Amino acid sequence: MSNNQAENASLPIGIFDSGVGGLTVLAALLRHLPSEDYYFLGDTARLPYGTKGPETIINYTVRAAARIVKSTPIKMLVVACNTASSVCLPTLRAMYPHIPVLGVIEPGARAAVSASRSGCIAVLATEATVRGGAYTEAIHRLNPEAKVLSRACTLFVSLAEEGWLEGDIVEGTARRYLSDILAAPARPDTILLGCTHFPLLQKAIANVAGEGVRIVDSAETTAGAVSALLAEQHLASPSARPGSIHFMATDNVARFAAIGGNFLGRSLAGTDVELVDL
C-alpha cells in the first residue's frame, strides 16, 4: 500500500440521505465495518425526495454532497437514499472523480436477482424511484428475463417515521399495497425493499407476503458492497478501534435524533447532531 493509499484509508466515509431512512444503511455499515469513521448528513429540511422531480432531486443531492465534502475530506460517498441513487449517481461521480460514489440501487438489485428462484421480483419503493425505473433497469441488466413488479408505497415512509412498525394498521397498509401483486399469475418469490425506511417494516411486510417469499433489504446489501469496494481499493481503515460518527441534519435535530434512534437501533440525543445549512 502506498503512502497516499494509507492516508486515504484513514479518512471517514461520507453518507447522505434525504432524511433519517439512510440510518438503516449506517446501522448495517456499523455491523460490517465497525472500525470506520462516518459523516452522516440527513437533509431533513427538504424531505421527502420521493415525491419531487428529477431536477429538484439532483439540485438537493449535489448541495448535500458538497456540504459533506466541505466538512471533511472523505474516502467514499455513499448515497443512502434510493430516490437520490436512482437519479443522481452520474452527476456525483462526475463531480467527485477521485472518490468512489456508491448508491443503494445496484447492490439491492444484485441481491434480489441472486435471491429469486423464479425471476419474478416485486420492488417496493417511493414514487420517484418507481417512476424513474432504476431498479427495473438494474435488475434487467443482471437478468434480462426477470419479471419486475414495482409499487410505490408512500405511506410506508410515514409509518416508519412515526414508529408504527407492526400491528393491524401496518399490516393492513402492506396488504393494500401488495394484494394485487401477490395475487398475480406470476407471483413474485422475492420482494426488494427499495427504500431505506422500509427495513423497519420488514416483519409486517413478511407477514403479509407469506412463507416462501424472500425479503431483500437494500441497506444490508449496500453495506456488503461498501465493504467489498473498500477492500478492492485498499481503502479499509487500518485501525482496530471502534469508529466515530458525526451526525448532521438540515432541520430539527431533536426530531432527527428521536426518530433516527429507531432506524439506527440505538438512542440518539439532539446534542449528538450538528445543525447545518446547505
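**Exercise 1. Non-glycine residues with positive phi**

Task: Determine whether Asn252 is buried, partly exposed or exposed, and find the loop that holds this residue.

Solution. Asn252 has a relative accessible area of 40%, so this residue counts as partly exposed. The structure is a predicted model, and the values here are computed from it. Next, place the residue: Asn252 belongs to the loop between E9 and helix H12 (253-264). Then check the backbone: phi of Asn252 is positive, about 50 degrees, although the residue is not a glycine. For context, most residues other than glycine have a negative phi.

Repeat the steps for His234. Its phi is near 55 degrees, again a positive value in a residue other than glycine. His234 sits in the loop between helix H11 (218-232) and E9. With a relative accessible area of 44%, His234 is partly exposed.

**Exercise 2. Order and edges of the sheet**

Task: State the strand order of the six-stranded open sheet, and explain why one side of E4 and of E10 is left without a neighbour in the sheet.

Solution. Step one is the order, which reads E4-E3-E1-E2-E9-E10, with parallel pairing. Step two is the edges: strand E4 (101-102) and strand E10 (273-275) each have a single partner strand, so one side of each lacks a neighbour in the sheet.

Step three follows the individual pairings. E3 and E4 run parallel and are joined by two bridges, and Val78 stands opposite Leu102 in E4. Four bridges connect strand E1 (residues 13-17) with E3, also in parallel; here Phe16 is opposite Val79 in E3. At the other edge, strand E9 (residues 245-249) pairs with E10 in the parallel sense over three bridges. Met248 has Glu274 in E10 as its bridge partner.

Step four looks at the faces of strand E3 (residues 76-79). Met76 and Val78 are buried on one side, Leu77 and Val79 are buried on the other, and both faces are thus covered.

**Exercise 3. A bent helix and its packing**

Task: Locate the centre of the kink in helix H9 (residues 168-182), and list the elements against which the buried residues of H9 pack.

Solution. The kink is centred on Arg176 and amounts to about 40 degrees. The buried residues of H9 are Val170, Thr173, Ala174, Tyr177, Leu178, Ile181 and Leu182. The spacing can be read against a general rule: an α-helix has 3.6 residues a turn, so residues three or four places apart point the same way. The packing partners of the buried residues of H9 are three strands and two helices: strand E5 (120-125), strand E6 (147-152) and strand E7 (190-193), with helix H8 (154-162) and helix H10 (202-209).

**Exercise 4. The cavity**

Task: Find how many cavities of 30 Å³ or more the whole structure has, and describe the lining of the largest cavity by class.

Solution. The search finds one cavity of 30 Å³ or more. The space in the largest cavity is about 40 Å³. Its lining includes Val123, Thr129, Tyr135 and Ser150. E5, helix H6 (127-132) and helix H7 (134-142) each give two or more residues to this lining. H7 has the largest share, three residues. By class, there are five nonpolar, four polar and no charged residues.

**Exercise 5. Two pockets**

Task: Identify the helix that gives the most to the lining of the largest pocket, and the element with the largest share in the second largest pocket.

Solution. Begin with the largest pocket, which holds about 310 Å³ of space. Of its 24 lining residues, Pro48, Gly50, Thr126, Val157 and His197 lie nearest the centre. H8 gives the most, with five residues. The lining divides into nine nonpolar, 12 polar and three charged residues.

Pro48 has a further feature: a cis peptide bond joins Leu47 and Pro48, with omega about 0 degrees. Pro48 is in the loop between strand E2 (38-42) and helix H3 (54-71).

Turn to the second largest pocket, with a volume of about 150 Å³. Among its lining residues are Arg93, Glu106, Glu137 and Arg141. H4, helix H5 (105-115) and H7 each supply two or more residues of this lining. The largest share, seven residues, comes from H4. By class, the lining has six nonpolar, two polar and four charged residues.

Terms used:
Residues are numbered from 1 along each chain as its sequence is written. This is a predicted model: local features need pLDDT of at least 70, side-chain atom pairs count only at pLDDT 80 or more; totals for chains, interfaces and linings use all residues. Side-chain values use heavy atoms; hydrogens and water are left out. The bend at a residue is the angle between axes fitted to the seven residues ending there and the seven starting there. Buried means under 20% relative accessible area, exposed over 50%, partly exposed in between (1.4 Å probe, protein chains only). Contact means heavy atoms within 4.5 Å. Two strands pair if DSSP finds at least two bridges between them. On a 1 Å grid over the protein atoms alone, a cavity is a set of points where a 1.4 Å probe fits but cannot get out, and a pocket is an open set with protein on both sides within 12 Å along at least five of seven lines; lining residues have an atom within 4 Å of a point. Grid points are joined across faces, edges and corners, and a volume is the space filled by probe spheres set on the points. Ala, Val, Leu, Ile, Met, Phe, Trp, Tyr, Cys and Pro count as nonpolar, Asp, Glu, Lys and Arg as charged, and the others, Gly among them, as polar.
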